[in-house]
There are 2 protein chains.
Amino acid sequence: MTIRKQRLFTPGPTALHPSVQEAVAKPIVHHRTEEFREVFRQCGEGLKKFLKTRDDVLILACSGTGAMEAALVNVLSPGDAMMALVAGAFGERWADLGRAHGMGVRTLTAGWGEAVTPERVAEALDRDPRIRCVFVQHSESSTGARHDIEGLARVTRQRPDTLLVVDAISGAGAMPLETAAWGVDVVVTGSQKALALPPGLAFVCLNARAWERASAANAPRFYFDLRRERKAQGGGESAFTPAISLVVALRAALAFVDELGGVEALVANAGTLAAMTRAAAAALGLPLVAPKDHGDALTALYPPAGFDSGAIVKGLKAEFGSTVAGGQGSLKGKILRIAHLGYYDATDILGLLATLEVVLRRLGHAFPPGAGVAAAEARYLERNPAP
Amino acid sequence: MTIRKQRLFTPGPTALHPSVQEAVAKPIVHHRTEEFREVFRQCGEGLKKFLKTRDDVLILACSGTGAMEAALVNVLSPGDAMMALVAGAFGERWADLGRAHGMGVRTLTAGWGEAVTPERVAEALDRDPRIRCVFVQHSESSTGARHDIEGLARVTRQRPDTLLVVDAISGAGAMPLETAAWGVDVVVTGSQKALALPPGLAFVCLNARAWERASAANAPRFYFDLRRERKAQGGGESAFTPAISLVVALRAALAFVDELGGVEALVANAGTLAAMTRAAAAALGLPLVAPKDHGDALTALYPPAGFDSGAIVKGLKAEFGSTVAGGQGSLKGKILRIAHLGYYDATDILGLLATLEVVLRRLGHAFPPGAGVAAAEARYLERNPAP
């Protein structure tokens with residue numbers, strides 16, 4: 001047997017940063033102490049920089065879906081009309097959450113791999129002005145497509161009664177997101193993505209417009225009552241027991257982002273890896289799932305014509321220990337997805353692309369040897385003219 | 001700034017195995033306990049399998065050089081004639097050690113990048129039968145050359161008064177070494193090499209012939225008196241305080257080797273990575289320092305004609321966070337050295353070779369894009385016909 005290091009190239013969980021690994025392994029501290037309150041406050045400040053906002057970013061002990069639910073139940077009351085932009089599996093989740101809470105759910109769909117345009121949203125809101133909230137994904141992880149959050153916010157911020165709630169779970173830190181400047185009302189993100197932490201924490205940020213709505217919304221909620229959290233977290237504590245070790249690790253992750261040069265540097269890094277991967281895919285004949293609306297958090301690829309994506313995913317794992325994601329929902333078994341968000345560097349992606357070439361060759365796919373890696377190297381050099 | 005993971009591709013220290021990292025981080029245990037004695041005994045058994053011997057392998061708290069010195073002072077008495085085979089910087093170390101202890105040092109040299117042949121050693125021993133010991137490197141880390149230990153042992157084991165002492169510090173676990181079957185009298189190795197541990201432990205193994213010599217040798221020694229160590233370690237303890245955490249980690253490292261399929265699997269792994277690197281070097285026009293006598297523990301390469309090896313080493317570190325070694329001694333500033341021994345896999349070396357292509361291109365070296373990686377992939381497939 002040869003050595004096969006286990007590497008995750010999945011759009012969450014992503015590779016842990018070493019300082020995060022060290023932090024989670026530290027002895028536990030108690031959360032009702034000044035020591036921990038200081039950590040908690042530093043995390044709150046760091047998250048504001050990460051999401052480009054001056055509004056409070058609340059830290060929750062739950063998965064990203066929990067924070068999506070928290071966002072929804074704090075800005076809507078049962079029976080309210082809402083619109084979910086559905087361009088993949090995660091768009092459907094917004095609609096499912098709304099239905100579970102008795103909301104009047106409308107959907108605006110796009111083909112998988114495409115995005116719902118701001119123009120279509122504007123028209124839909126004009127037709128149905130009762131819609132109190134638009135829900136969307138920044139990065140639709142099932143297809144790799146990106147929604148134009150800046151354009152969507154331009155539509156919603158003209159409408160006093162319509163909020164924009166953005167699931168930026170896999171988007172934040174991988175693509176530009178100017179929460180305050182664009183006028184996004186609610187942003188949700190999670191720990192196991194660009195921040196290179198284990199799962200277990202999620203973050204939610206409401207602007208003034210959204211907090212006003214939250215004070216009047218009457219959807220039943222207790223653990224996810226953000227009014228209570230906001231009050232507690234203003235004093236450096238969470239309302240309920242926080243995931244202490246993960247919060248300590250979050251401080252380390254935010255320090256890593258700072259050292260790198262801030263969230264813009266993290267975004268540029270993912271952008272480079274995504275561009276390299278798209279270049280390799282073109283050279284190797286693997287079509288993009290989202291050719292027009294692709295984002296940079298991950299790249300979703302169809303296999304070469306006549307080949308099975310499952311065999312590629314399995315080959316990378318079995319022969320090289322590298323885990324890339326398969327498809328979800330209607331794309332299950334049809335694609336592979338390679339993540340770029342978080343703690344990955346050029347060497348990581350070049351190594352993965354070279355092993356992808358080996359796997360494709362074993363399966364009988366013909367291409368000029370080294371073509372994918374050569375294309376990725378060339379794209380890297382284009383994006384980094386100086387070393 | 002983009003993300004640059006720090007990666008070591010040096011022939012020691014090498015990348016730590018994750019189970020080693022976990023083990024060294026555990027709370028300390030006391031060494032005069034049954035709990036630790038059991039760990040120590042398991043390590044001793046594992047090291048016998050690692051070095052292919054049934055003789056005791058002693059565990060010392062020192063660097064590899066310390067164990068080289070221990071070997072020398074236990075088999076020679078001041079004034080004894082010894083022969084150091086000098087094919088690089090580490091061969092010179094054997095001679096230096098001998099001189100420091102007042103031995104009558106003869107050297108048999110080979111050009112850097114070459115090996116001293118068994119035939120030459122046989123002739124030299126015939127000319128000077130007073131030589132009581134031949135000292136040699138399994139892998140000469142300064143050039144990447146390999147000595148024919150099997151052939152050398154065939155020469156020495158016919159001579160009752162001449163021992164063979166092998167520095168297998170970077171060779172063991174990277175290239176075949178049949179200590180008992182070949183009749184090697186003394187073997188020395190270290191922790192920070194193929195075993196994927198931090199530095200701090202070294203190992204030395206004497207066969208019956210060498211122990212007989214040790215009982216009569218009168219070079220001054222205390223810490224490195226292996227007679228004392230042998231007695232103590234037979235009971236599961238070291239004579240002096242052991243490097244406890246490293247011993248606990250050694251057990252984890254030996255378990256990793258077992259799970260991989262034993263030392264043969266580890267050797268095959270290094271062999272594959274070395275073959276891939278040599279193929280890439282040929283495709284990219286980087287001449288081998290040891291074209292004829294190359295080993296698999298590391299690959300030493302000259303830069304392409306007209307290029308500066310230092311700029312390549314610096315470029316890999318500055319732009320990609322990867323550390324390869326430069327030259328030592330007479331090759332200082334003239335070569336680069338890429339390690340294969342220990343915890344490295346195909347993805348590691350393919351990633352490194354792709355970034356080497358980027359660095360060479362930046363420096364103005366012309367080659368077909370992706371040629372090095374393509375050659376490495378092809379060699380990988382040759383050596384692994386089935387996945």
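Q: What makes the charged end of Arg361(A) count as sitting over the ring of Phe367(A)?
A: The rule asks for CZ of Arg, or NZ of Lys, within 6 Å of the ring centre and within 35 degrees of the ring normal. Arg361(A) is 4.2 Å from the centre of the Phe367(A) ring and sits over that ring. This is a predicted model, where local features need pLDDT of at least 70, side-chain atom pairs count only at pLDDT 80 or more, and totals for chains, interfaces and linings use all residues. Residues are numbered from 1 along each chain as its sequence is written, chains are lettered from A and ligands numbered from 1 in the order in which they are written, and side-chain values use heavy atoms, with hydrogens and water left out.

Q: Which ring does Arg230(A) lie over?
A: That's Trp211(A), with 4.1 Å to the ring centre.

Q: Why is the aromatic pair of Tyr223(A) and Phe224(A) called edge-to-face?
A: Rings of Phe, Tyr and Trp (its six-membered ring) pair if their centres lie within 6.5 Å, and planes over 60 degrees apart are edge-to-face, under 30 stacked, the rest tilted. Here the centres are 5.3 Å apart and the planes make 65 degrees, so both tests are passed. Tyr223(A) and Phe224(A) also share one aromatic cluster with Phe222(A) and Phe240(A).

Q: Is Phe224(A) buried or exposed?
A: Buried: its relative accessible area is 17%, and the label applies under 20% (exposed is over 50%, partly exposed in between; 1.4 Å probe, protein chains only). Tyr223(A), at 36%, is partly exposed.

Q: What makes S2 and S4 of chain B the edge strands?
A: Strand S2 (57–61) and strand S4 (104–109) of chain B each pair on one side only. Strands are DSSP runs (E, at least two residues), numbered from the N terminus, and two of them pair if DSSP finds at least two bridges between them. The open sheet runs S2-S10-S9-S8-S5-S3-S4 in chain B, with mixed pairing.

Q: How do you know that strand S3 of chain B and S4(B) pair?
A: Six bridges join S3 (residues 81–86) of chain B to S4(B), in the parallel sense. One of the bridge partnerships is Met83(B) with Arg106(B).

Q: Why is the relation of the chains called a two-fold axis?
A: A turn of 180 degrees and a shift of 0.0 Å along the axis lay chain A on chain B with an RMSD of 0.0 Å (least squares on C-alpha atoms of residues with pLDDT of at least 70 in both copies). That is a two-fold relation. In chain A, the C-alpha of Gly351(A) is the one nearest the axis, 1.9 Å away.

Notes. Helices (H or I, at least four residues) and strands (E, at least two) are DSSP runs, numbered from the N terminus.
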